[in-house]
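Biologist: Let us look at a protein model together. I will ask, and you will reason from the structure.

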Amino acid sequence: RSSLLHRDAYVAVLRLLDATDDTKDLSCKLLSEFEKNPDAAAVSPVLDLVLSDTGSKLFLLLCSETPEVQRRYFDPSELHTLRHDVTITEGGIEIKTSKKDPSVRREELLRYVRGSLIDCCVRHADKIVRSVPGSKVLRECKRRFGNGDCNEEGRRLAESVAEAAMES
């Protein structure tokens, strides 16, 4: 958790998430740690990450469906570190280091944090909309889960965003 809030270390965490094929193990071990907030008074365990310049990048990475969306939120050096065409050379032959498509990997990881992210955005839309990194996460969360969805969480998210916008 502290790595995601660190001004440099967050990139290593994002790279690990974006390059590891075993998303089930990663979800259980790494993402569950991010959902544990040491602040016992915290209502939403991921709120501090959503509001953080570096912690918000976790959710922006997972919610970004296309490279165009990623370019909106990540600077060129971050994008270079998070590139998907990583290979190693063995015997003069380049071999991909990952077998899983990056979009599939991100979707699997997003499934794990989806509930806590939506809950955070619904409960704290008023705080999140006033924060630059938070508003980026709120925008992508709304785009990803609240547009055209006839499900309850999409409706709740849309209502929270609208209420927060009216109050600000």
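The questions below go from the whole chain to helix packing and then to the core.

Modeller: This is a predicted model, where local features need pLDDT of at least 70, side-chain atom pairs count only at pLDDT 80 or more, and totals for chains, interfaces and linings use all residues. Residues are numbered from 1 along each chain as its sequence is written, and side-chain values use heavy atoms, leaving out hydrogens and water.

Biologist: How many helices and strands are in the protein chain?

Modeller: Helices (H or I, at least four residues) and strands (E, at least two) are DSSP runs, numbered from the N terminus. Along the sequence the pattern reads α-α-α-α-α-α-α-β-β-α-α-α-α. The count is eleven helices and two strands.

Biologist: Are helices H2 and H5 roughly parallel or roughly antiparallel?

Modeller: Two packed helices are described by the angle between their axes and the distance between the axes. Axes are lines fitted to C-alpha atoms, for helices over the stretch in contact, with angles from 0 to 180 degrees between N-to-C directions. The axes of H2 and H5 lie 10 Å apart, at an angle of about 25°. Angles under 35 degrees count as roughly parallel, over 145 as roughly antiparallel, 65 to 115 as roughly perpendicular and the rest as oblique, so H2 and H5 are roughly parallel.

Biologist: How is H5 oriented to H8?

Modeller: H5 covers residues 56-63 and H8 covers residues 102-123. Their axes come within 9 Å and cross at roughly 125°. H5 is therefore, relative to H8, oblique.

Biologist: Which residues of H8 make the contact with H5?

Modeller: Contact means heavy atoms within 4.5 Å. H5 brings Phe-59, Leu-61, Leu-62 and Cys-63. From H8 come Arg-106, Leu-109, Leu-110, Val-113 and Leu-117.

Biologist: Which helix gives the largest share of the largest nonpolar core?

Modeller: A nonpolar core is a set of buried (under 20% relative accessible area, 1.4 Å probe, protein chains only) Ala, Val, Leu, Ile, Met, Phe, Trp, Tyr and Cys residues joined through side-chain atoms within 4.5 Å. This core has 36 residues, and Phe-59 and Leu-117 are among those touching the most other members. H2, H5 and H10 are among the helices that each supply at least two residues. The largest share, eight residues, comes from H8.

Biologist: Leaving aside neighbours within four places in sequence, what does Phe-59 contact?

Modeller: Phe-59 belongs to the H5 side of the contact with H8. Its partners are Val-46, Leu-49, Val-50, Leu-117 and Val-137.

Methods. Buried means under 20% relative accessible area, exposed over 50%, partly exposed in between (1.4 Å probe, protein chains only).
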